[in-house]
Amino acid sequence: MDLFGHMATYDYGEVHVARDQASGLRAIVAIHDTRLGPALGGCRFLHYDKDEAALIDALRLARGMTYKAALAGIAHGGGKSVLLRPRGHFDRVALFRAFGRFIEDLGGHYITAEDSGTSLEDMEVIRSVTKHVTGVSEANGGSGDPSPFTALGVRRGIEACVKSKLGRDDLKGLHVAVQGIGHVGYYLCKELHEHGVKLTVADVDPLKAERAQREFKASIVAIEHIFDVECDVIAPCALGSALNDETIPRLRCKIVAGAANNQLAEPRHGESLFQRGILYAPDYAINAGGLINVAAEVKGYNAEQSRIDTHKIYDTILEICERSERLALPTYRVADTMVEERLAKHARLS
Ligand code: NAD
């Protein structure tokens, strides 16, 4: 494996690796950048066919966290950890305790949190050996489920896009199509319904779509038709790569603004949306509400302050839209430039 080659590709930084024979722990902690503060990012617990795939996942995701935190104005750098899930039987508590000791040894340089394949219970186990973990349960003084904060930020981001593209100060009577009515999608529909929005939804799980129909008067379409809906805004809140060669030509909306991570299948799809005159809210800018909430736990949790900070996503998205228009550049490139400007003001520590 070309370890340093991969690190150079993603502009690193530091990578820490740990193996614990007794528990079966094999973990990688990627610390991309600590210029704005200690690295913060979730911990994945997945099967990987090759160690190299785990390393690349950690490197790619941690860099994404640097960008998300910097743009959201959070005093944290980007980090991510990947735990390679053992194939056979293993003791989950022992494994996460060993991981907690590894995090503790990093001395607060990296703070972990829940991510794909990990749970609130795993965070509690980590918490038993280190304080450098966030996103624990509300019962233990933590911030709990981040999804309502993510949804609040997405609603504010949609409002900024509507202001920029349609010149309107409210959402009343607008039509939003939401792909994926999971944790964030549900709360987003609730927010939008309360602001007078007409909703169309699609989810692979019919019960989730039906709940939105029942509670928010949403219309339901089949999942393969959500990108054909004629509407003001499409909000991708399911999987990554929703915006690709197949879906973009079908869009009949003016704005794409949703919670999903990595919505652009490739950067060129950001150019393609721009050329079609469709305003795209960069995913890591609009979906930072959950991160804002989880980061607040590190300093002593205050839900009201998290809400206030999440509302600022409106200003960030509006600034991106204004710069995009003024410079005739796609929004995703404007967002990256804004991050690079913020980081450039700080000396590099790692
Ligand atoms: P979730 O798993 O709870 O919800 C995803 C929903 O999408 C599920 O209901 C699933 O059935 C549905 N779905 C899957 N494939 C679909 C398809 N092809 N068409 C329609 N529906 C489909 O996840 P979540 O926590 O709500 O997160 C949604 C997205 O937002 C993810 O990309 C996640 O990475 C991102 N995100 C979430 C948060 C958060 O606070 N949870 C924060 C930032 C970003």
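Strands here are DSSP runs of E with at least two residues, numbered from the N terminus. V17 sits in one of these, strand β1. The model is a predicted one, and V17 is a handy place to start looking around it. With a relative accessibility of 63%, V17 counts as exposed. Its C-alpha atom is separated by 30 Å from that of G141, a residue 124 positions away along the chain.

Zooming out, the protein chain splits into two domains. Domain 1 takes in 3-64 + 75-133, while domain 2 takes in 147-288 + 315-340. The C-alpha centres of domain 1 and domain 2 are 30 Å apart.

At the start of the chain, M1 belongs to the segment before α1 (3-9). M1 is exposed, since its relative accessibility is 60%. Together with L3 and F4, M1 makes a nonpolar surface patch of about 350 Å². A little further on comes an oddity in the backbone. Most peptide bonds are trans, and most residues other than glycine have a negative phi. The bond joining Y12 and G13, though, is cis, with omega at about 5 degrees. G13 lies in the loop between α1 and β1 (14-20).

Phi has its own exceptions. K217, which is not a glycine, has a positive phi near 55 degrees. K217 is found in the loop between α7 (206-216) and β8 (219-220), and its relative accessible area of 70% makes K217 exposed. A328 also shows a positive phi of about 55 degrees without being a glycine. A328 falls in the loop between α12 and α13 (331-344), and A328 is exposed as well, at 52% relative accessible area.

The helix just ahead of A328 is worth a closer look. Helix α12 runs over residues 313-327, and its 15 residues should span 21 Å at 1.5 Å a residue; the end C-alpha atoms are indeed 21 Å apart, so the two values agree. Quite a few residues of α12 are buried, among them I313, Y314, I317, L318 and I320. The buried set in α12 also includes T316, C321, R323 and S324. Right after α12, the chain moves on to A328 with its positive phi.

Another helix, α6 (residues 183-194), holds E194. E194 is exposed, because its relative accessible area is 53%. From E194 to A238 it is 44 residues in sequence and 22 Å in space, going from C-alpha to C-alpha.

Now for the charged side chains. Side chains of opposite charge can pair when their charged atoms come close. Across the whole structure, a search turns up 25 salt bridges. One of them pairs D57 with R44, with 3.5 Å between the closest N and O atoms. This pair ties together distant parts of the chain: D57 is in helix α2 (residues 51-72), R44 is in strand β3 (residues 39-46), and the two are 13 residues apart. D57 and R44 are both buried.

A second salt bridge joins the side chains of E159 and R156, at 2.4 Å from N to O. E159 and R156 are separated by about one helical turn, because they are 3 residues apart in helix α5 (residues 147-166). Both ends of the pair fall under the 20% cut-off for buried residues: E159 has a relative accessible area of 11%, and R156 comes in at 17%.

E266 and R268 form a further salt bridge, their closest N and O atoms being 3.0 Å apart. E266 is partly exposed at 37% relative accessibility, and R268 is partly exposed too, with a relative accessible area of 42%. Elsewhere, salt bridges with shared partners link R44, D57, R60, K80 and D115 into one network.

What about disulfides? The search of the whole structure finds 0 of them. C237 is in no disulfide, and the nearest cysteine sulfur, belonging to C189, is 7.6 Å away. C237 is buried, with 12% relative accessible area. For C253, the closest cysteine sulfur is that of C231 at 5.2 Å, which is too far for a bond, because a disulfide needs the two sulfur atoms within 2.5 Å. C253 is buried too, at 8% relative accessibility.

Terms used. Residues numbered from 1 in each chain as written. Predicted model: local features only at pLDDT ≥ 70, side-chain atom pairs only at ≥ 80, totals over all residues. Heavy atoms only, no water. Patch = residues over 30% accessible without salt bridge, like charges linked within 9 Å, V, L, I, M, F, W, Y side chains within 5 Å. Areas by Shrake-Rupley, 256 points an atom, 1.4 Å probe, with all protein chains shown as cover. Salt bridge = Lys/Arg side-chain N within 4 Å of Asp/Glu carboxyl O. Helix = DSSP H or I, 4+ residues; strand = E, 2+ residues; numbered from the N terminus. Buried < 20%, exposed > 50% of the residue type's maximum accessible area, 1.4 Å probe, protein only. Expected span 1.5 Å × (residues − 1). Domains from an automatic or database assignment.
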